[in-house]
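Welcome! Take a moment to look over the sequence and turn the structure around on your screen. The briefing below will walk you through what to look for.

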Amino acid sequence: MSRELERGLQAIELMSSAPRGLTFTDIAAALKAPTGPTHRLMGELTRLGYARIDEFGRYHLTLKLASHSLQYLELIPLVDLARPLLQELAAVSGELARLNLVDGDHLVRISKAQGSKSGLKYDPLHGGNVPPIYAASGLLLLSSLSDEEATARLRTEVFAPPGQYGSAAPRSVEDALKIVRTARATGHLYLADIYEDGIATLAFPIRVTGREIVGVLTVSGPSFRFTQQAADSVLPTMQKIADELARVPVGDMLGSQQVPTRVV
């Protein structure tokens with residue numbers, strides 16, 4: 001049962017990155033699963049309403065999962081509080097502002113606001129886990145750990161070959177650890193050409209109970225425009241917003257524990 005559940009979740013993740021759909025062969029190959037179990041799996045996902053098949057025989061993710069996710073996000077007080085604050089941060093910076101929340105060992109992008117009104121806009125696909133070693137927010141999160149803990153976490157990551165991410169992306173544990181130490185010393189992190197060339201990001205932590213990081217605010221934009229100087233000018237606003245978000249009770253950070261009596 002656990003193996004079937006794992007494959008089902010993997011199939012959902014595959015379809016979430018393929019808006020044009022995937023053939024049965026694509027899915028079976030990616031799952032490295034036999035034909036029979038894969039047929040049964042996709043049949044169940046289709047029956048339950050999480051997948052559909054188009055006229056060309058390609059599987060697509062339905063909006064059922066997205067609907068559940070949006071409903072869950074609506075129950076998280078921090079998300080509702082963050083909307084106007086992100087809009088303020090986007091307006092001050094003139095760039096893309098995002099809120100990432102800690103979920104276990106990962107960061108998840110949950111809300112954003114666009115500050116660029118004209119010209120070149122940086123606005124990539126929203127949602128999903130933040131790659132910890134190829135994003136300023138992920139490396140900033142690691143800075144809350146000791147060198148020993150951060151090193152152990154980094155050793156579990158697979159470092160991509162040159163060309164897959166930005167030209168300044170870390171290629172080893174040692175490279176990543178240097179960035180983590182910089183973030184620990186400054187309390188925030190500005191990086192360019194890490195996730196992709198030509199893009200710079202400023203990451204700022206949302207801390208509660210001393211040093212625990214529960215979320216990360218980011219501002220991202222074209223590096224020719226969002227320079228170190230531009231990032232420095234945004235820091236006071238990020239500090240103010242992070243302080244305001246940190247006042248949300250810790251128990252409410254990731255939602256109420258109350259179960260709704262009915263779902264509309």
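Start with a residue close to the beginning of the chain: Arg 3 is partly exposed, with a relative accessible area of 36%. Keep in mind that you are looking at a predicted model. The protein chain has 264 residues, and 43% of them count as buried. Its secondary structure comes to nine helices and seven strands.

**Salt bridges**

- The structure holds six salt bridges, and Arg 3 takes part in one of them with Glu 6, where the closest N and O atoms are 3.3 Å apart.
- Glu 6 and Arg 3 are three residues apart in helix H1 (residues 2–16), which separates them by about one helical turn.
- Like its partner Arg 3, which has a relative accessible area of 36%, Glu 6 is partly exposed, at 39%.
- Another salt bridge links Glu 44 with Arg 47, and here the closest N and O atoms are 2.9 Å apart.
- Both Glu 44 and Arg 47 belong to helix H3 (residues 35–47), and they too sit three residues apart, about one turn of the helix.
- Glu 44 counts as partly exposed at 38% relative accessibility, while Arg 47 counts as exposed at 59%.
- Glu 95 pairs with Arg 225, with 2.7 Å between the closest N and O atoms.
- What does this pair tie together? Glu 95 is in the loop between H5 and E3, and Arg 225 is in the loop between E7 and H9, so the salt bridge connects parts that are 130 residues apart in sequence.
- Is Glu 95 buried or exposed? Glu 95 has a relative accessibility of 3%; residues under 20% count as buried, so Glu 95 is buried.
- Arg 225, on the other side of the pair, counts as partly exposed at 28% relative accessibility.
- Asp 147, Arg 181 and Arg 184 are joined into one network by salt bridges that share partners.

**The sheet**

- Now find the open sheet, in which five strands are arranged in the order E4-E3-E7-E6-E5 with antiparallel pairing.
- Which strands stand at the edges? They are E4 and strand E5 (189–192); each has a single partner strand, so one side of each is left without a neighbour in the sheet.
- From one strand to the next, the twist averages 25°.
- E3 and E4 are antiparallel partners joined by eight bridges, and in this pairing Asp 103 stands opposite His 106 in E4.
- E3 and E4 also form a hairpin with two residues between them, and Gly 104 in the turn has a positive phi of about 70°.
- E3 pairs with E7 as well, in the antiparallel sense over six bridges; Leu 96 has Ser 220 in E7 as its bridge partner.
- Seven of the eight residues of E3 are buried, so this strand is largely enclosed by the rest of the structure.
- Further along the sheet, E5 and E6 run antiparallel and are joined by four bridges, with Ala 203 in E6 as the bridge partner of Leu 189.
- Helix H9 lies across E3, E5, E6 and E7, and runs at about 25° to E6.

**The nonpolar cores**

- As background, nonpolar side chains tend to be buried together in soluble globular proteins.
- The largest nonpolar core here has 30 residues; Leu 99, Leu 202, Ile 206, Leu 217, Phe 226, Met 238 and Leu 245 touch the most other members.
- Several elements each supply at least two residues of this core, including helix H5 (77–93), strand E3 (96–103), strand E6 (199–208) and helix H9 (228–246).
- Which element gives the largest share of this core? The answer is H9, with eight residues.
- For a closer view, select Leu 217: among the residues it touches are Leu 86, Leu 99, Leu 202, Ile 206, Met 238 and Leu 245, not counting residues up to four places away in sequence.
- Another core, of 26 residues, lies apart from this one, and its members include Leu 140, Leu 154, Ala 169 and Leu 177.

**The chain as a whole**

- Among contacts in the protein chain with a separation of 6 or more, 56% are between residues 24 or more positions apart.
- The accessible surface of the protein chain comes to about 14,400 Å², and 56% of that surface belongs to carbon and sulfur atoms.

Methods. Residues numbered from 1 in each chain as written. Predicted model: local features only at pLDDT ≥ 70, side-chain atom pairs only at ≥ 80, totals over all residues. Heavy atoms only, no water. Core = buried A, V, L, I, M, F, W, Y, C linked by side-chain atoms within 4.5 Å. Buried < 20%, exposed > 50% of the residue type's maximum accessible area, 1.4 Å probe, protein only. Contact = heavy atoms within 4.5 Å. Pairing = 2+ DSSP bridges. Axes fitted to C-alpha atoms, helices over the stretch in contact; angles between N-to-C directions. Salt bridge = Lys/Arg side-chain N within 4 Å of Asp/Glu carboxyl O. Areas by Shrake-Rupley, 256 points an atom, 1.4 Å probe, with all protein chains shown as cover.
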